[in-house]
Every structure is written in structure tokens, then in C-alpha cells.
Amino acid sequence: MANFNLKINGQSHQVDVDEDTPLLWVLRDHLGLVGTKYSCGIAQCGACTVHLNGEATFSCTLPVSSVGTDEVTTIEGLSKDGTHPVQKAWDEVDVAQCGYCQAGQLMTAAAFLKKNPKPSIEEIENAMNRNLCRCGTYHKIREAVALAAKTK
Ligand code: FES
Ligand code: FES
């Protein structure tokens, strides 16, 4: 076990865990930030996506020891009140079905639009294609990302 001081959603958190513990387990099991979801656990689905210094990153395969001083943002920290442009667009388009993949989708979309504020549909598809949705909400996700790009 080792002590790690993590910066998450603008706050410092101390955790005492094995150094190879995935960040996802630290978030969910040690800090109670359960908005980030576990699905495949092998970096194949995107359900566990968080931001690491603003980059969309899979947290299920990221050892906590490699986070260092990087700023982690989870879905809980995307906005205080659900008013981030992607969250508003998601509501407007009514994207979610079961909802399980959606936090990861939102985090990927938010990081993407920060880098590419005026994307083409093809760029949106490419950016979002590592996030899987078993409910098949892909067309609505594309629509919501395009709407967020227009309205923010
Ligand atoms: S749970 Fe991390 S990519 Fe699937
Ligand atoms: S909304 Fe159900 S898995 Fe995506």
C-alpha cells in the first residue's frame, strides 16, 4: 500500500492503496465518485472515461501511481449543476436510454469539443468511436455533440 495525493474535481484527496490499483476503483470504491462506470475493464468500451489534464482517458486500466499531479475530472466535476454545454445538449436531444455508458460519452464529448469547437460530423464520429453504447444511441450522440458545438 502507498499514499497518493490526487487532485480530483478541484479538490485534494488522499488515498492509501496498492500502486497498481486502477484509478476507476479509487474513484468509485475509495472516494464514492460512482458516476464513472465500470464496464469492460480492459480499455475497450469507454464507460470509465474521465479527464486527465483535460484529455479523455480510460480510468479502468490507469494505475493510480501514474496519475501523479495530473488534474482528474470526473462526470461529477464536469459542471456544478448539469449546465455544461454537452449536458444541456444531451438533455435537449434526449440521448440516454439505459444511461450506463453516458457519463463516459459526455466526458469524451466535452474533451473533444474543447479541442475542436467546430467539428464536422465525420470528426464527431471519429472522436466518439471509442465509446460503445449497447443501447445504440449513436445517432443521438452525434446530434447532441453537434448541438453542443453550435450552442456553446
Ligand atoms: S470500463 Fe474502461 S474502457 Fe471499458
Ligand atoms: S444508453 Fe445504454 S449503454 Fe448507452
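**Notebook: aromatic pair, cores and strands**

I began with W25, which is partly exposed at a relative accessible area of 31%. The model I am reading is a predicted one.

**Entry 1. Aromatic rings**

I searched for paired aromatic rings and the count came to one pair. The partners are W25 and Y38: their ring centres lie 5.0 Å apart and their planes meet at 40 degrees, so I entered the pair as tilted. I then placed both residues: W25 belongs to helix α1 (residues 23–30), while Y38 sits in the loop between α1 and β3 (49–52), so the pair ties together parts that are 13 residues apart in sequence. For Y38 I noted a relative accessible area of 36%, hence partly exposed.

I also looked up charges over rings. R130 lies over the face of F58, at 4.3 Å from the ring centre.

**Entry 2. The loop between α1 and β3**

I turned to T36, which is found in the loop between α1 and β3. Is T36 buried or exposed? Its relative accessibility is 2%, so T36 counts as buried. I listed its contacts, leaving aside neighbours within four places in sequence: L24, L27, R28, A47, C48, T49, V50, S59, T74, I75 and E76.

**Entry 3. Cysteines**

I searched the whole structure for disulfides and recorded zero. I checked the burial of two cysteines: C48 is buried, with a relative accessible area of 3%, and C101 also counts as buried, at 9% relative accessibility.

**Entry 4. Strand β3 and its partners**

I looked at which way the side chains of β3 point. T49 and H51 point one way, V50 and L52 the other way, and all are buried. I set beside this the general rule that side chains in a regular strand alternate between the two faces of the sheet.

Next I followed the pairing of β3. With strand β4 (residues 55–58) it runs antiparallel, joined by four bridges, and H51 stands opposite A56 there. The β3 and β4 hairpin has two residues between the strands, and N53 takes a positive phi near 50 degrees. With strand β5 (residues 71–73), β3 is again antiparallel, through two bridges. On that side H51 stands opposite T73.

**Entry 5. The hairpin of β1 and β2**

How many bridges join strand β1 to strand β2? I found seven, between β1 (residues 2–8) and β2 (residues 11–17), which run antiparallel. I8 stands opposite Q11 in β2. These strands form a hairpin with two residues between them, and N9 in the turn has a positive phi of about 50 degrees.

**Entry 6. Nonpolar cores**

I looked up the largest nonpolar core and found 21 residues, with V86, W90, L113 and V145 having the most contacts inside it. At least two residues of this core come from each of α2 (75–78), α3 (85–93), α4 (102–115), α5 (121–128) and α6 (138–151). Which helix gives the most to this core? I noted α4, with seven residues.

I took V145 for a closer look. Leaving aside neighbours within four places in sequence, V145 is in contact with W90, A109, F112, L113, I124 and M128.

A second, separate core has 15 residues, including F4, L52, L62 and V67. I had already met L52 in β3, where it is buried and points the same way as V50. As a general note, nonpolar side chains tend to be buried together in soluble globular proteins.

Terms used
Residues numbered from 1 in each chain as written. Chains lettered and ligands numbered in written order. Predicted model: local features only at pLDDT ≥ 70, side-chain atom pairs only at ≥ 80, totals over all residues. Heavy atoms only, no water. Phe/Tyr/Trp six-rings, centres within 6.5 Å; stacked < 30°, edge-to-face > 60°. Buried < 20%, exposed > 50% of the residue type's maximum accessible area, 1.4 Å probe, protein only. Lys NZ or Arg CZ within 6 Å of the ring centre and 35° of its normal. Contact = heavy atoms within 4.5 Å. Core = buried A, V, L, I, M, F, W, Y, C linked by side-chain atoms within 4.5 Å. Disulfide = S-S within 2.5 Å. Pairing = 2+ DSSP bridges.
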